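Please open the model in your viewer and keep the sequence panel visible. The tour proceeds by selection, one stop after another.

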Amino acid sequence: PMLKWPNDVMMKIRSSKSYLANRRASADFRANYKKLAGILTESSLKKDSTEWIVISAGINVNNIIPASLRHLAVSISAALGEQCDKTLLLAKILKNFEKYYLSFARMRVGIVKEYTRKSMIVGKEIIFYCNDTRYHGKVAGFTLDGALKLSLKGNIKKTFYSGKVKL
């Protein structure tokens, strides 16, 4: 899976010919990715410290994706062609979560490097929406606190903490 800032987990899908026939840009990197999960976070910050963080995830495991969303989303079972053991999946997620959390607690740089490595948008041209403003630029990477770095025309660099990425 790949990450689409800020919170989408995307899975590369081997598309059928009929699906690709309906895509205008079937050779484009975006055409073969569908949303597998979404990550939600909430936190309380005071001065230079974090009081608490809540992290949750919605994962399409064995659910049937409605026909109206199949061009955007996929479930693990649909991608694998078989049902997924949810208990085993949760155990693997928690094990990896602990590893990344400990890495983040020790040194934020490591987690940002890993996020950048798994990002599907770094180095890509995107359309970005923030506060009803549309930006078109190339994703330069992420800051240590997770903000999106976008390079715009005219060598203008902007950093965003919220907004919507359109591929």
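The stops below run from the whole chain to the two sheets, the aromatic pairs and a few single residues.

**Before selecting**

This is a predicted model, in which local features need pLDDT of at least 70, side-chain atom pairs count only at pLDDT 80 or more, and totals for chains, interfaces and linings use all residues. Residues are numbered from 1 along each chain as its sequence is written, and side-chain values use heavy atoms, with hydrogens and water left out.

**Stop 1: the whole chain**

Display the protein as a cartoon: 4 helices and 9 strands appear. Helices (H or I, at least four residues) and strands (E, at least two) are DSSP runs, numbered from the N terminus. Followed from the N terminus, the elements read β-β-α-β-β-α-α-α-β-β-β-β-β.

Of the 167 residues, 29% are buried; buried means under 20% relative accessible area, exposed over 50%, and partly exposed in between (1.4 Å probe, protein chains only). Among contacts with a separation of 6 or more, 43% join residues 24 or more positions apart, a contact being heavy atoms within 4.5 Å.

**Stop 2: colour by confidence**

Colour by pLDDT, the predictor's confidence in each residue, from 0 to 100. The average for the protein is 85, and 89% of the residues score at least 70. Which elements mark the lowest and the highest confidence? Helix H1 (residues 17-21) is lowest, at a mean of 44, and S7 is highest, at 96. Now select residues 17-27, where the pLDDT is below 50; this stretch has 10 contacts in the model beyond near neighbours in sequence. Where pLDDT is low, the predicted coordinates should not be read in detail.

**Stop 3: the sheet S1-S2-S3-S4**

Select these 4 strands, which form an open sheet in the order S1-S2-S3-S4 with antiparallel pairing. Two strands pair if DSSP finds at least two bridges between them. At the edges stand strand S1 (2-4) and S4, each with a single partner strand, so one side of each is left without a neighbour in the sheet. On average, neighbouring strands here are turned by 30 degrees against each other, direction ignored; the axes are lines fitted to C-alpha atoms, for helices over the stretch in contact, and angles run from 0 to 180 degrees between N-to-C directions.

Narrow the selection to strand S3 (residues 33-46) and strand S4 (residues 49-59), an antiparallel pair with 10 bridges. Within it, Thr41 stands opposite Ile55 in S4, and Leu40 has Ser56 as its bridge partner. The two strands form a hairpin with 2 residues between them, and Lys47 in the turn has a positive phi of about 50 degrees.

Next, select Ser44, which lies in strand S3. Is Ser44 buried or exposed? It counts as buried, at 16% relative accessibility. Apart from neighbours within four places in sequence, Ser44 is in contact with Ser49, Thr50, Glu51 and Trp52.

**Stop 4: the sheet S8-S7-S6-S5-S9**

Move to the open sheet of 5 strands, ordered S8-S7-S6-S5-S9 and paired antiparallel. Its edge strands, S8 (156-160) and S9 (164-166), each pair on one side only. Neighbouring strands of this sheet are turned by 45 degrees against each other on average, direction ignored. Inside the sheet, 5 bridges join strand S6 (residues 133-142) to strand S7 (residues 148-152), and Val139 stands opposite Leu150 in S7.

**Stop 5: the aromatic pairs**

A pair of aromatic rings is described by the distance of the centres and the angle of the planes. Rings of Phe, Tyr and Trp (its six-membered ring) pair if their centres lie within 6.5 Å; planes under 30 degrees apart count as stacked, over 60 as edge-to-face and the rest as tilted. How many such pairs does the structure hold? There are 5 aromatic pairs.

Show Tyr115 and Phe142 as sticks: the ring centres are 4.9 Å apart and the planes stand at 90 degrees, so the pair is edge-to-face. Tyr115 belongs to helix H4 (residues 108-118) and Phe142 to strand S6, 27 residues apart. Tyr115 is partly exposed, at 21% relative accessible area, whereas Phe142 is buried, at 7%.

Then show Phe128 and Phe160, a tilted pair with 4.5 Å centre to centre and 45 degrees between the planes. Phe128 lies in strand S5 (residues 125-130) and Phe160 in strand S8, so the pair ties together parts that are 32 residues apart in sequence. Phe128 is buried at 0% relative accessibility, and Phe160 at 5%. Add Trp5 and Tyr135 to the selection: ring pairs link them with Phe128 and Phe160 into a cluster.

**Stop 6: cysteines**

Finally, select Cys84, buried at 15% relative accessibility, and Cys130, buried at 13%. A search of the whole structure finds 0 disulfides, a disulfide being a pair of cysteine sulfur atoms within 2.5 Å.
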